[in-house]
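Please open the model in your viewer and keep the sequence panel visible beside it. The tour below proposes a series of selections and describes what each one shows.

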Amino acid sequence: MSQTPPVTHQTRLLILGAGPAGYTAAIYAARAGLKPMVVAGLQPGGQLTITTEVENFPGFAEPIQGPWLMDQMQAQAAHVGAVIVQDVITAVDLGRRPFRATGDSGEVYEAEALVIATGAQARWLGIPGEKELSGFGVSACATCDGFFYRGKDVAVVGGGNSATEEALYLSNLARHVTLIHRRDSLRSEKILQARLFERPNVTVVWDTAVEEVLADGSGRVPVARALGLRNLKTGLRTELPVHGLFVAIGHDPATALFKGQLGMDEEGYIRTTPGTTQTSVPGVFAAGDVQDKVYRQAVTAAGTGCMAALEAEKFLAHLPAVDLAA
């Protein structure tokens, strides 16, 4: 008995990922007549779908909800002609033309050009209360959410550059910042440490693990009220009253599918030619947090999504017309 061959979709431009980078690439590509196909992936909308109020995306005088913003981007992309598919890519082949991607559904996607906008995920502690209070006292982005903690007490957990920079940023907004680290010294650059230790409203707690985020359930919704801490040398358990916890222990780019096929740095971020979104494979472009470990903002992701679409359009314009169905 013969097996039914998998459904194969052909498109000039395939976009993997449906966050600000992916949707912006889709909007620009669709308006250029490329009829792009977007495979939404495991978390359509990206990290903004787990963000409550967004105040730093241009164009909105009042705070907006992250999921609403992503719904609007999706609707705009669809309105101008992008095809959005709910599937998760499990394998890609960038060594052949057209490029080939296989979905968890078993369906196959072939394209002459590819935009990778699969994003990155913040690493979490995996402790009680962390997930439940995400957006209500727990965050992984001080630049995104620090504004809500003006004049309040917050904590940052981590010991590298990201944690030190988050603490420095928050020290300009919060009443007091406590940096909590598992070891007795920071891994961040010395110049950053010097700046941190000079701040009068910053305290560093050494040799300590955050074991729980405690909630205040007296209001309309539960919010963070304190952290459960344990000293790793003495075993002593204490509570630290705070209004917010910022987890800064790193990010993991969603690039496992592309290892061995694209140039990446030691952390797994896709390398792009400076000033562009071009990767080591002609016709493959990377946008958003999958190639940006510095800014990681929705607006910068959208900007590189625009760049990727424009560069893909230029690439395709110089490519001989191909009958993908042949």
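**The whole chain**

Begin with every residue displayed. Buried residues account for 48% of the 326 residues in the protein chain. Please bear in mind throughout that this is a predicted model. Colouring by secondary structure brings out six helices and 19 strands.

With the view aligned to the principal axes, the C-alpha atoms of the protein chain fill a box of roughly 70 × 45 × 40 Å. The radius of gyration is 22 Å, which agrees with the value near 20 Å that a compact globule of 326 residues would have. Of the contacts between residues at least 6 apart in sequence, 60% join residues at least 24 apart.

Next, switch to a surface representation. The protein chain exposes about 16,100 Å², and carbon and sulfur atoms supply 53% of that area. Colouring by charge marks 27 positive and 33 negative side chains. The centres of these two sets lie 4 Å apart.

**Helix α5**

Return to the cartoon and select residues 190-198, which form helix α5. Which residues of this helix are buried? They are Leu192, Gln193 and Leu196. Looking down the axis of α5, one finds these buried residues within an arc of 100°, so they line one face of the helix. An α-helix has 3.6 residues a turn, so residues three or four places apart point the same way. Lys190 and Glu198, on the other side of α5, are exposed.

To see what covers the buried face, add α4 (161-171), β12 (176-180) and β13 (202-205) to the selection; the buried residues of α5 pack against these three elements.

**Leucine 214 and isoleucine 127**

Now select strand β14, residues 208-216, and highlight leucine 214 within it. Leucine 214 has a relative accessibility of 12% and therefore counts as buried. Its contacts beyond four places in sequence include a run of residues, Val223, Ala224, Arg225, Ala226, Leu227 and Gly228. Leu133 and Glu239 are also in contact with leucine 214. A distance drawn from leucine 214 to glycine 137 reads 9.9 Å between C-alpha atoms, although the two are 77 residues apart along the chain.

Isoleucine 127 is the next selection, in the loop between β9 (120-122) and β10 (138-139). Is isoleucine 127 buried or exposed? Its relative accessible area is 13%, so it is buried. Not counting residues up to four places away in sequence, isoleucine 127 touches Val210, Glu211, Glu212 and Val213. Glycine 228, 101 residues from isoleucine 127 in sequence, has its C-alpha 10.0 Å from that of isoleucine 127.

**Asparagine 231**

Select strand β15, residues 223-231, and move to asparagine 231. With a relative accessible area of 21%, asparagine 231 is partly exposed. Beyond four places in sequence, asparagine 231 touches Trp206, Asp207, Thr208 and Leu236. Then draw a distance from asparagine 231 to threonine 255: the residues are 24 apart along the chain, and their C-alpha atoms are separated by 35 Å.

**Backbone features in the loops**

Most residues other than glycine have a negative phi, and most peptide bonds are trans. The following selections concern exceptions to these two patterns.

Select arginine 97 and proline 98, which are joined by a cis peptide bond with omega of about -5°. Proline 98 is found in the loop between β6 (89-93) and β7 (99-103).

Proceed to lysine 35, in the loop between α1 (20-31) and β2 (37-39). Lysine 35 has a positive phi of about 50° although it is not a glycine. At 66% relative accessibility, this lysine counts as exposed.

Arginine 296 likewise has a positive phi, near 55°, in a residue other than glycine. To find arginine 296, go to the loop between β19 and α6.

**Last stop: glutamine 297**

Stay in that loop, which runs between β19 (284-286) and α6 (298-317), and select glutamine 297. What relative accessible area does glutamine 297 have? The value is 15%, so glutamine 297 is buried. Show its surroundings as sticks: glutamine 297 touches Asn56, Cys141, Thr143, Cys144 and Asp289, not counting residues up to four places away in sequence.

Key
Residues are numbered from 1 along each chain as its sequence is written. This is a predicted model: local features need pLDDT of at least 70, side-chain atom pairs count only at pLDDT 80 or more; totals for chains, interfaces and linings use all residues. Side-chain values use heavy atoms; hydrogens and water are left out. Helices (H or I, at least four residues) and strands (E, at least two) are DSSP runs, numbered from the N terminus. The radius of gyration is taken over C-alpha atoms; the globule rule is 2.2 Å times the number of residues to the power 0.38. Buried means under 20% relative accessible area, exposed over 50%, partly exposed in between (1.4 Å probe, protein chains only). Contact means heavy atoms within 4.5 Å. Accessible areas come from the Shrake-Rupley method with a 1.4 Å probe; for residues, only the protein chains shown count as cover. Lys and Arg count as positive and Asp and Glu as negative; His and the chain ends are not counted. The place of a charge is taken as NZ of Lys, CZ of Arg, CG of Asp or CD of Glu. The arc is that of the directions from the helix axis to the C-beta atoms.
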